[in-house]
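Grab your viewer and work through three short exercises. Try each task before you read its solution.

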Amino acid sequence: MSIRRSFILAGVATMLALPAAAATLNFESEGYVGNSVSLGNDEAYAGADVTFSSANGLFAVKTGGPADGFVPNDNPLPVGVFGDYFLTSDFGTTTAMSISYGTAVSAASFDVADIDGTGSNTEEFTFKAFFGALEVGSIAVNSGDPGTGDRLAYSIGFSNLGSLFDRIEIVGTTAGGTRHIGIAFDNFNTTVDVTTVPLPAAAWMLLAGIGGLGALGRRSRKQPVS
């Protein structure tokens, strides 16, 4: 094997052996000031390579402050679980949020607070993971389920789906369709697992080129000497 070919193969091996990349987003390091910061309908967080979108509007809400994230006084339980700030959507009879990743991920987890209500005011949430237009995972949570309740943080997680995903869609409604609800989020964790990531196109091109060079070398060696 030639030295040049050895270096090329080493480069491909390096691309294939990259460690899993993880990102955590908890909103404490974003520099928010005040009880409630309006973020419009879209907010991108470059460090986590993720964008949140909601037609209801997005807000960064100070934990314990007199803002309309949820009541009373926006104190999720257990104490300290949401740190100083968390993300929320505005209240509506239905609420929805989209989480879009710049790079497809293999696993994600986050906490959602205050899934509660009774009777016709029972809150019902669905969390769906997509790769492009393909739905690859779904979780349904209703108030009354174990771990839900007033101000309680409920953990949602997607992993081992057999596919990467690049978007999570969240929809919240109430049984009676009249109660105003919102979404309170924090502690986002995402993982890109290279063992499930398709080989990059550039790597395939390199491998194809190496194969072509090898075939050309073999052909040259077989040419008769004149």
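**Exercise 1.** Locate D114, and work out how its charge is dealt with.

*Solution.* Keep in mind that this is a predicted model. Start with the place: D114 sits in the loop between β6 (107–113) and β7. Next, check for a partner: D114 is buried but makes no salt bridge. The cut-off for a salt bridge is 4 Å, and the nearest side chain of opposite charge, R179, is 5.8 Å away from D114. Now look at the backbone: the nitrogen of R151 lies 2.7 Å from a polar side-chain atom of D114. Finally, list the contacts beyond four places in sequence: they include F70, E123, G149 and L152.

**Exercise 2.** Describe how β7 and β8 pair up.

*Solution.* Strand β7 (residues 123–131) and strand β8 (residues 134–142) run antiparallel, with eight bridges joining them. For the register, find E124: N142 in β8 stands opposite. Then go to the turn: two residues separate the strands of this hairpin, and G132 has a positive phi near 65°.

**Exercise 3.** Classify the ring pair F27 and Y45, then find what the pair connects.

*Solution.* There are 14 aromatic pairs in the structure. In this one, the centres of F27 and Y45 are 5.5 Å apart and the planes make 75°, which is edge-to-face. F27 is in the loop between β1 (21–25) and β2 (36–45) while Y45 is in β2, so the pair ties together parts 18 residues apart in sequence. F27 counts as buried because its relative accessibility is 2%. To wrap up, zoom out: F27 and Y45 belong to one aromatic cluster that also includes F52 and F188.

How values were computed: Residues are numbered from 1 along each chain as its sequence is written. This is a predicted model: local features need pLDDT of at least 70, side-chain atom pairs count only at pLDDT 80 or more; totals for chains, interfaces and linings use all residues. Side-chain values use heavy atoms; hydrogens and water are left out. Two strands pair if DSSP finds at least two bridges between them. Helices (H or I, at least four residues) and strands (E, at least two) are DSSP runs, numbered from the N terminus. Buried means under 20% relative accessible area, exposed over 50%, partly exposed in between (1.4 Å probe, protein chains only). Lys and Arg count as positive and Asp and Glu as negative; His and the chain ends are not counted. A polar contact is a pair of N or O atoms within 3.5 Å; within protein, one must be able to donate a hydrogen and the other to accept it, and residues adjacent in sequence count only if both atoms are side-chain atoms. Contact means heavy atoms within 4.5 Å. Rings of Phe, Tyr and Trp (its six-membered ring) pair if their centres lie within 6.5 Å; planes under 30 degrees apart count as stacked, over 60 as edge-to-face and the rest as tilted.
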